[in-house]
Amino acid sequence: MSDESSAPHSVQKQNYKMPALLRGETVEEYNEKYGMYINPVTDTSKYKHIEGKEQIRVYVDGVFDMFHFGHARYIMQAKNMFPNTWVIAGVSAGTTTHELKGKTVMTEEERCESVRQCRYVDEVICPAPWVISKEWLLENKIDFHVQNPAPYPMGDNPDIFKPAKDAGMFLPVIRTNTVSTSDYITRIIAAYDTYLQRNLERGYSRHDLGITFLKEKRLEVRRRVEGVQSMINGMITDFMEYFYQPVSHRIVNFISPNCSDNEGEEAAGGPDLKKPRNDVPGYSDDD
């Protein structure tokens, strides 16, 4: 198992499978952001079942709803556990997920297709079982189940990962706590009316969005009110800009609306004596 207490590896010097470079990002910034996620297994002596193997087969699994960078980082860690790693990703079945965890945003097929596009995945099992046994791992020729080390309780089972842990076929990863599918769903719910109005304006019907006729009309009134408010705010801004102009500018602009700013200044207050008078014969600022 990897030593999580060690300093992050210098990822730019190794042959790791890593995220794309961000233009303008320095090596130091890149290592600081991703080095903590690279913890390869350096001591394989205690894993007798992989002795002599050139390629190690690891298994990652999840719902992977609204596939995001937290999911990708999880699979990235698994990919870099060994020099030659074959990553098998299991995507949970739709019916099982809805029963045990709740309704998903994406269908089973959409979740599977999202995972198979990930650059760190070599093979996908869909639908995949929710609970993984040692027998299932051996049957599928999987060497390690890679997951969050925290216990995952389900019903009377205090930790569904315990079979792999007890068999010495479990490797931990670091969870990305700054993102989750639930966070994204919460953002949408918090701005529910805004997204409804946005999609109505883009051509979706109220039937597509599952809202009533009255709800649709309330959103239409809200849109019109916001339009009027925006127009009024623009008029106030224009008035304040005009009101705070110097009185002389307003008089000149009224009398000679087509004159330039310099002409207006001269008309309002005479010539600017601070300006160079090189246009006058015999006069120079250098004198």
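Which residues form one aromatic cluster? Y47, F82 and F144 do. The close-ups below come from a predicted model.

**View 1. Y47, F82 and F144 form one aromatic cluster.** Y47 and F144 make an aromatic pair with edge-to-face geometry. Their ring centres are 5.0 Å apart, and the planes meet at 85°. Both Y47 and F144 are buried. Y47 sits in the loop between helix 1 and strand 1, while F144 belongs to strand 4, so the pair ties together parts that lie 97 residues apart in sequence. By the ring-pairing rule, the count of aromatic pairs comes to eight.

**View 2. F82 touches residues from several places along the chain.** Leaving out residues up to four places away in sequence, F82 contacts V41, T44, I50, I56, V58, F144 and L171. F144 is thus a contact of F82 and also a member of the cluster in View 1.

**View 3. The largest nonpolar core holds 30 residues.** V58, V60, I75, F82, F144, V146 and L171 touch the most other members. Two or more residues each come from helix 1 (27–34), strand 1 (56–62), helix 2 (69–79), strand 2 (85–92) and strand 4 (144–147). Helix 2 gives the most, with four residues. Another core, of 15 residues, lies apart from this one. Its members include I88, I125, A128 and I160. In soluble globular proteins, nonpolar side chains tend to be buried together.

**View 4. Strand 1 is largely enclosed by the rest of the structure, because five of its seven residues are buried.** Strand 1 pairs with strand 2 in the parallel sense, over seven bridges. Opposite R57 stands W86, in strand 2. From strand 1 the chain passes through helix 2 to strand 2. This β-α-β crossover is right-handed.

**View 5. Strand 1 also runs parallel to strand 4.** Two bridges join strand 1 to strand 4. At one of these places, Y59 has H145 of strand 4 as its bridge partner. Strand 4 is among the elements that give two or more residues to the largest nonpolar core. F144 and V146 are among the core residues that touch the most other members.

**View 6. A charged end sits over a ring at K165 and F170.** The charged end of K165 lies 5.1 Å from the centre of the F170 ring.

Notes. Residues are numbered from 1 along each chain as its sequence is written. This is a predicted model: local features need pLDDT of at least 70, side-chain atom pairs count only at pLDDT 80 or more; totals for chains, interfaces and linings use all residues. Side-chain values use heavy atoms; hydrogens and water are left out. A nonpolar core is a set of buried Ala, Val, Leu, Ile, Met, Phe, Trp, Tyr and Cys residues joined through side-chain atoms within 4.5 Å. Buried means under 20% relative accessible area, exposed over 50%, partly exposed in between (1.4 Å probe, protein chains only). Contact means heavy atoms within 4.5 Å. Rings of Phe, Tyr and Trp (its six-membered ring) pair if their centres lie within 6.5 Å; planes under 30 degrees apart count as stacked, over 60 as edge-to-face and the rest as tilted. A charge sits over a ring if NZ of Lys or CZ of Arg is within 6 Å of the ring centre and within 35 degrees of the ring normal. Two strands pair if DSSP finds at least two bridges between them. A crossover is right-handed if, with the strands pointing away from the viewer, the path from the first strand over the helix to the second runs clockwise.
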